[in-house]
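Biologist: Could you take me on a close look at the inside of this protein, and at the cores and hollows in particular? A connected walk-through would suit me better than a list.

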Amino acid sequence: MKIRFCIGMAVGAFVFGIIIDASGRKGSIPATMIAVFCATISLSFAQTTFLIYLSIFVLGLGLAGNNVVLRVYVIEFLPMKRRGFCLVALDVLGVIGYVSALGLSWLLMPSIVRLQNKKFRPNSWRVLIGLGGIPNLIMACATSLLPASPRYLLYRRRYEEALTVLRQIYAINNSKHADTYTLRTLDNCVRPDEEDEEDTGNVSKIVRKFCIKTRKRIRKICSTPFKCTTILGLCINLLQFPGIIWVALWNTQLFQETENFNKSAKKNSTCVVDIENLALGFLHNCQEIDTDRFRILFYLSLSYILGEILLLIGIDVIGRKIFLVLSGLVGTAACLGLLFTVHNIVQIVLSLIILAAYAIGRTTASILLLENYFTGVRGTIIGLSRIFPYLVGSFTKLFLNIQCITSIYIMSGILLSAAVAGSRMPDLTRLPMQE
């Protein structure tokens, strides 16, 4: 099931990444949200294995696609002085949503409500998933109010439409009439598309042209002057393959396994981190919840919010590259510190630092990648950078069964390698984006 979800995310990120470069940003936002809504409703009522697997695949496709589309859309509206702040704010809200969902699950899982002498569980995964999909439909309708990306309109040589959007933004932000907007020409602001848009009713020609232009975009980001940046960006994203949920689960199990290992060290026990305990360790049995593990995971996950808030405050002041490098170095030091302590309080503090450093590095790497590519390939590079992390993460989780010390070395290597690769990335803090 995890593999199908991750494959769906890999496909969704890449497909929607190339779609928004070919047909625009705004229209893809409701498409991804409707995909998520349909997948959650289908999953709520699915009774066959095939339909459950298909719904999970579509859910991953919609979620990853929405993540890519929103980032590209938002960054193309932001002034250079607030770019980092606003993009970090997206991740802050995402982390708050993750922590809120975790806390809600913790509260609902033990609860049982009796209705008409029958046991009804409001924490049923079908009910929770169905309810969680409804806001996506509401937001899909609300996105019709959003303007089109002015950068993309300029890329498509639709100058009058772009100027109209900028006038609307100016009028709303400054409470002035749109006619007082002083900018009259937008020539040479954005690198235009090499070819004019052509409307044709021949589906085969449209698909062929789409594939040809997609191949050209991929060739552009893999050639000079983007070749080095592309390699570094892909490597950094690949190194962040575990994802915030699984890093938090790993840290939670590591803490509990280390605690049990220290208590029974004289019995020659072995400290092991494996995927089965990561996923099923929250249940003692079908009726009893491991509240201790829920509590530890919830408290450790709060460090994600702390890390994102620190990034929110300083990313436009200190710079992206410094944050990426420092987060990797500090996270590596905290990982290695776990090898030399047996005190629970110290382990908790180090775990909080590791998770905060991971969150900072993950968000910063995404912003660096978005800023270093021009409008015509921005969606393609972000979609391409998501493929390998999702695929590697899914297959890694299948075979995860390693000793605690080994897992600590692996995590420290991931954080350190991301810091080294990030030190070579161009930093466009307080500078215009690449065009």
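**Inside the protein: cores and hollows**

Modeller: Happy to, and V88 is a good place to start: leaving aside residues up to four places away in sequence, V88 touches E308, L311, L312, I315, T363 and I367. Please keep in mind that this is a predicted model.

V88 belongs to the largest nonpolar core, which has 44 residues, and together with Y373 and I382 it touches the most other members. A second core of 30 residues lies apart from that one, with W250, L254, Y358 and L415 among its members. In soluble globular proteins, nonpolar side chains tend to be buried together. Across the 435 residues of the protein chain, 46% are buried.

What is the fold around these cores built from? The protein chain contains 16 helices and four strands. If we take the contacts in the chain with a separation of 6 or more, 79% of them join residues 24 or more positions apart. On the outside, the accessible surface is about 21900 Å², and carbon and sulfur atoms hold 66% of it.

Now to the hollows, and to a closed one to begin with. The count of cavities of 30 Å³ or more is two. The second largest cavity has about 80 Å³ of volume. Its lining is made of 13 residues, and Q240, A357, G361, L415 and A418 are nearest its centre. Three elements each give two or more residues to this lining: α13 (320–337), α14 (344–371) and α16 (404–422). You may recognise L415, since it is also among the residues of the 30-residue core. As for chemistry, the cavity lining has eight nonpolar residues, four polar ones and one charged residue.

The second largest pocket is the other hollow I would show you, with a space of about 410 Å³. There are 17 residues in its lining, and those closest to the centre are E76, F77, L78, R151 and L166. Two elements give two or more residues here, namely α6 (150–155) and α7 (159–174). The greatest share comes from α6, with three residues. By class, this pocket lining has 14 nonpolar and three charged residues, and no polar ones.

Since we have arrived at α6 and α7, let us look at the loop between them, where R157 is located. R157 is not a glycine, yet its phi is positive, at about 65°. Is this residue buried, exposed or in between? With a relative accessible area of 35%, R157 is partly exposed, because that value falls between the 20% and 50% cut-offs.

R430 makes a good companion to R157. It too has a positive phi without being a glycine, here about 60°. R430 sits in the segment that follows α16, and α16 is one of the helices that line the second largest cavity. The relative accessibility of R430 is 46%, so R430 is also counted as partly exposed.

One more backbone detail is worth a stop before we finish. Which peptide bond is cis? The one from T224 to P225, and its omega is near 5°. P225 is placed in the loop that links α8 (203–221) and α9 (227–239).

To gather up the tour: V88 is one of the residues with the most neighbours in the largest nonpolar core, the second largest pocket takes its greatest contribution from α6, and the lining of the second largest cavity draws on α13, α14 and α16.

Definitions and conventions: Residues are numbered from 1 along each chain as its sequence is written. This is a predicted model: local features need pLDDT of at least 70, side-chain atom pairs count only at pLDDT 80 or more; totals for chains, interfaces and linings use all residues. Side-chain values use heavy atoms; hydrogens and water are left out. Buried means under 20% relative accessible area, exposed over 50%, partly exposed in between (1.4 Å probe, protein chains only). Contact means heavy atoms within 4.5 Å. Accessible areas come from the Shrake-Rupley method with a 1.4 Å probe; for residues, only the protein chains shown count as cover. A nonpolar core is a set of buried Ala, Val, Leu, Ile, Met, Phe, Trp, Tyr and Cys residues joined through side-chain atoms within 4.5 Å. On a 1 Å grid over the protein atoms alone, a cavity is a set of points where a 1.4 Å probe fits but cannot get out, and a pocket is an open set with protein on both sides within 12 Å along at least five of seven lines; lining residues have an atom within 4 Å of a point. Grid points are joined across faces, edges and corners, and a volume is the space filled by probe spheres set on the points. Ala, Val, Leu, Ile, Met, Phe, Trp, Tyr, Cys and Pro count as nonpolar, Asp, Glu, Lys and Arg as charged, and the others, Gly among them, as polar.
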